[in-house]
Amino acid sequence: MAEGNVELLPMEDTEIMQVRTDSASAQESVGTEDSAMMDTESLRLEEKLQSFQNELNDHTAPSVDPWTMTNQLRELEKQRRRNLIFDEERFEETFLKCLICRESYNDNDKTPKMLPCHHTFCLDCLCQMFRVEGEFRQSLSSAFRGMPLAVKIQCPSCRDGLITSEAELRRLPNDHTILELLSFVKETGRTDVQYCSKHQLQPLHFFCEPCIQPVCCDCTVIDHKESKGHVVVNVDEALAKYTPILDDTMASIRTQKEEVTKQRQALGQAAETVDRIQQDLTDHIRTVFDRIRAVLDERERELYDISDGEINRKRSTIEAHQQTLSERETALDAQLRGLQQAKNDKDISQMFTGHKTACEVLQNRVHVPTDCISNFNVTFQFNQRTDATVRQQINNLGDIIFKS
């Protein structure tokens with residue numbers, strides 16, 4: 001039996017129908033649909049047999065041994081019967097899901113519990129029914145200070161009543177038939193089976209090499225005939241054939257990926273090296289120009305000091321001459337005011353005394369260099385000397401040499 005296919009035998013179907021008496025109408029509907037499905041499959045099989053017969057009678061077709069073809073038809077029919085598949089989604093909805101919450105049974109909180117009426121529901125739904133009924137009973141009378149120990153619940157399917165406690169609900173017998181079906185469906189890996197989109201309920205158990213696609217049993221005798229150049233093999237054979245090729249390709253990919261990874265890592269290290277070289281180069285250039293800038297700043301300060309010293313010395317000389325002339329001017333103003341006062345007072349003795357003193361003051365003349373008074377031609381000039389040469393040298397200072 002192929003992996004993921006559930007084979008429905010008549011005896012098993014009878015046993016399941018006897019155990020799962022959840023809903024008579026649902027079972028009748030399922031039986032009707034199964035009968036219609038079997039009729040459809042029979043018509044399909046007849047069409048395929050007729051197609052084979054027409055192909056045998058076709059003179060243009062390659063010559064085939066009738067005995068071999070008959071054996072192939074028999075084997076195909078046997079395989080066809082073995083691969084009879086029922087609608088698993090409908091099967092799961094009908095037998096493997098709780099009729100109340102519509103969730104799948106499991107071994108934990110959704111354990112299938114069988115009531116005395118032989119209807120099965122999950123433990124979680126039964127406990128919720130117990131709690132809802134208990135809260136309802138508690139709200140009807142103030143005599144209940146707490147949750148009742150036992151309440152009456154009704155089967156959602158047949159409305160059969162059952163007085164029970166929560167502990168008794170948990171001790172209800174498990175529906176082992178459902179648990180075994182769950183285990184069976186889980187082991188068969190139903191979700192791993194792929195079905196043909198063109199032919200319903202047919203698993204993709206074959207592989208057409210020229211078309212490079214999986215096909216079902218119907219496809220091998222209708223759309224992918226070997227007489228038309230199609231080469232169909234079993235999926236397991238295809239896997240055994242192409243898995244080593246795929247492994248070799250994956251190994252080549254891994255090898256190339258490792259090479260690419262090494263190259264990428266090498267480029268990453270090269271990028272880090274370039275960043276480090278750039279930082280070192282920047283620091284070196286900055287250091288050189290910082291030294292030159294420091295020398296220029298020092299020379300600039302020296303020139304400032306020299307110019308300030310000379311100018312301050314000249315300024316001190318001028319200020320001293322100004323002080324001398326200011327004192328001389330003050331003395332002359334004092335003599336002039338004394339003589340004017342004596343003249344105004346018509347004091348003859350004061351006039352002669354003041355005149356004598358004024359003559360002595362006039363004789364003591366103050367000497368001030370003429371170059372400080374008129375035609376002041378003291379100049380200061382900055383001699384650039386090697387300015388152009390230095391600027392040229394700075395313009396050509398340093399060079400960047402790249403080596404690969």
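**A walk through helices, salt bridges and a sheet**

Visitor: The side chains of Arg301 and Glu298 meet in what, and at what N to O distance?
Guide: Keep in mind that this is a predicted model. The side chains of Arg301 and Glu298 come together in a salt bridge. Its N to O distance is 2.6 Å.

Visitor: About how many helical turns separate Arg301 and Glu298?
Guide: Both sit in helix H9, residues 235–345. They are three residues apart there, so the separation is about one helical turn.

Visitor: Is Glu298 buried, exposed or partly exposed?
Guide: Buried would take under 20% relative accessible area, and exposed would take over 50%. Glu298 has 36%, so the class is partly exposed.

Visitor: Which residues do salt bridges with shared partners join into one network?
Guide: One link is the salt bridge between Glu103 and Lys110, at 3.5 Å from N to O. Salt bridges that share partners make one network of Glu103, Lys110 and Asp124.

Visitor: And Lys110, is that buried or exposed?
Guide: The cut-off for buried is under 20% relative accessible area. Lys110 comes in at 6%, so call it buried.

Visitor: Over to H5: what should its 18 residues span, and what is the distance between its end C-alpha atoms?
Guide: Helix H5 covers residues 123–140, and the rule is 1.5 Å a residue. The expected span takes one less than the number of residues. That gives an expected 26 Å for H5, and the end C-alpha atoms agree, being 26 Å apart.

Visitor: Which helix do the buried residues of H5 pack against?
Guide: Those buried residues include Leu123, Phe130 and Glu133. Their packing partners include strands S1, S2, S3 and S4. The helix among the partners is H6 (166–170).

Visitor: Glu133 meets which side chain in a salt bridge?
Guide: The partner lies in H5 too, four residues from Glu133, about one turn of the helix. The N to O distance is 3.0 Å. At 37% relative accessibility the partner counts as partly exposed, and it is Arg137.

Visitor: In the open sheet of three strands, which are the edge strands?
Guide: The order is S6-S5-S7, with antiparallel pairing. An edge strand pairs on one side only, and that fits S6 (213–215) and S7 (232–234).

Visitor: Which residue in S6 stands opposite Phe206?
Guide: S5 (residues 206–208) and S6 run antiparallel and are joined by three bridges. Opposite Phe206 stands Val215.

Visitor: At about what angle does H9 run to S7?
Guide: H9 lies across S5 and S7. Its angle to S7 is about 90°.

Notes:
Residues numbered from 1 in each chain as written. Predicted model: local features only at pLDDT ≥ 70, side-chain atom pairs only at ≥ 80, totals over all residues. Heavy atoms only, no water. Helix = DSSP H or I, 4+ residues; strand = E, 2+ residues; numbered from the N terminus. Buried < 20%, exposed > 50% of the residue type's maximum accessible area, 1.4 Å probe, protein only. Contact = heavy atoms within 4.5 Å. Salt bridge = Lys/Arg side-chain N within 4 Å of Asp/Glu carboxyl O. Pairing = 2+ DSSP bridges. Axes fitted to C-alpha atoms, helices over the stretch in contact; angles between N-to-C directions.
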